[in-house]
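This report describes how one protein chain is put together. Please look at the sequence and the structure below before reading on.

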Amino acid sequence: MGGIGKTVLVKEVYQSQELISCMFDKRACVIITRPFVLEEFLKSLVMQLNTKSFLSTQDTEAYNKKESIDFWRGTGKTIESMRVEELINELTKLLERKRCLIVLDDLSSTMEWDLIIRVLPTLEDMSRIIVTTREENIAKHCSKKQENIMLKVLEDNDALDLFTKKRYLRKLRDLISILN
């Protein structure tokens, strides 16, 4: 259901500079819009993954606006003028051999997931995709492992344990104490 803190929890983890910068090379958080348009989704993902460092939200928005005006990597095109195939090719280049965090916020259908996962290149083992949804069947469709699906409100420590699959538990606990 809406309003139980899914997006808030994911955004807190996503915006944790200390946590994210030690675990991921690139990150993006895309709010799934209605109606879902794959091309617009890819444009947002490419712009966010192209940021050179972990910028604040305001800095990222300014950077993305600049990138959307500038010609993309000398191709003579702007991101807005790129089509799905070009965006997929650029996404593949951006994600190659990178540990990435991709957040898909408010996924509302299995069809959206199927379109998205079909165009994403194979990600590195340490990469993570986090999906927030209001529908249990969508969560089950997105995850290969049932243990990754949480249908209740999580405490911060539980969310971080799930997020990292306990691989960096000691480091996370230290970071949690710093963040609190």
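A residue is called buried when its relative accessible area is under 20%, exposed when it is over 50%, and partly exposed in between (1.4 Å probe, protein chains only). By that definition, 42% of the 180 residues of the chain count as buried.

The model is a predicted one, in which local features need pLDDT of at least 70 and side-chain atom pairs count only at pLDDT 80 or more, while totals for chains, interfaces and linings use all residues. Residues are numbered from 1 along each chain as its sequence is written, and side-chain values use heavy atoms, with hydrogens and water left out.

## Overall make-up

The chain has 9 helices and 3 strands. Helices (H or I, at least four residues) and strands (E, at least two) are DSSP runs, numbered from the N terminus. Along the sequence they follow the pattern α-α-β-α-α-α-β-α-β-α-α-α. A contact means heavy atoms within 4.5 Å. Among contacts between residues at least 6 apart in sequence, 68% join residues at least 24 apart.

## The sheet

Two strands are said to pair if DSSP finds at least two bridges between them. In general, strands of a sheet pair through backbone hydrogen bonds, either parallel or antiparallel. Here 3 strands form an open sheet in the order β1-β2-β3, and the pairing is parallel. The edge strands, β1 and β3, each pair on one side only. From one strand to the next, the twist averages 10°.

The table lists the two strand pairs, each with a bridge partner pair.

| Strand pair | Bridges | Sense | One bridge partner pair |
|---|---|---|---|
| β1 and β2 | 6 bridges | parallel | I31 and D105 |
| β2 and β3 | 6 bridges | parallel | I102 and I129 |

In addition, L104 stands opposite V131 in β3.

How much of each strand is buried? In β1 (residues 26-31), 5 of the 6 residues are buried, so this strand is largely enclosed by the rest of the structure. Strand β2 is mostly covered, with 7 of its 8 residues buried.

## Helices α3 and α5

Helix α3 lies across β1 and β2 and runs at about 150° to β1. Axes are lines fitted to C-alpha atoms, for helices over the stretch in contact, and angles run from 0 to 180 degrees between N-to-C directions.

The axes of α3 and α5 come within 10 Å and cross at roughly 30°. The two helices are therefore roughly parallel to each other; angles under 35 degrees count as roughly parallel, over 145 as roughly antiparallel, 65 to 115 as roughly perpendicular and the rest as oblique. The residues in this contact include L38, L42, L45 and L49 of α3, and V84, L87, L91 and L95 of α5.

After α3 comes a loop that leads to α4 (57-69), and T51 lies in it. T51 counts as buried, at 13% relative accessibility. The C-alpha atoms of T51 and A28 are separated by 9.3 Å, although the two residues are 23 residues apart along the chain.

## Helix α6

Which residues of helix α6 are buried? In this helix (residues 110-119), they are E112, W113, I116 and V119. Seen down the axis of α6, the buried residues fall within an arc of 145°, so they line one face of the helix. The arc is that of the directions from the helix axis to the C-beta atoms. The face turned away from the buried side carries the exposed residues M111 and R118.

What do the buried residues of α6 pack against? Their neighbours are α3 (38-49), α5 (84-95), β2 (100-107), β3 (128-133) and α7 (136-142).

One residue of α6 can be followed in detail. E112 is found in this helix and is buried, with a relative accessible area of 5%. Not counting residues up to four places away in sequence, E112 touches I32, R34, F36 and L107.
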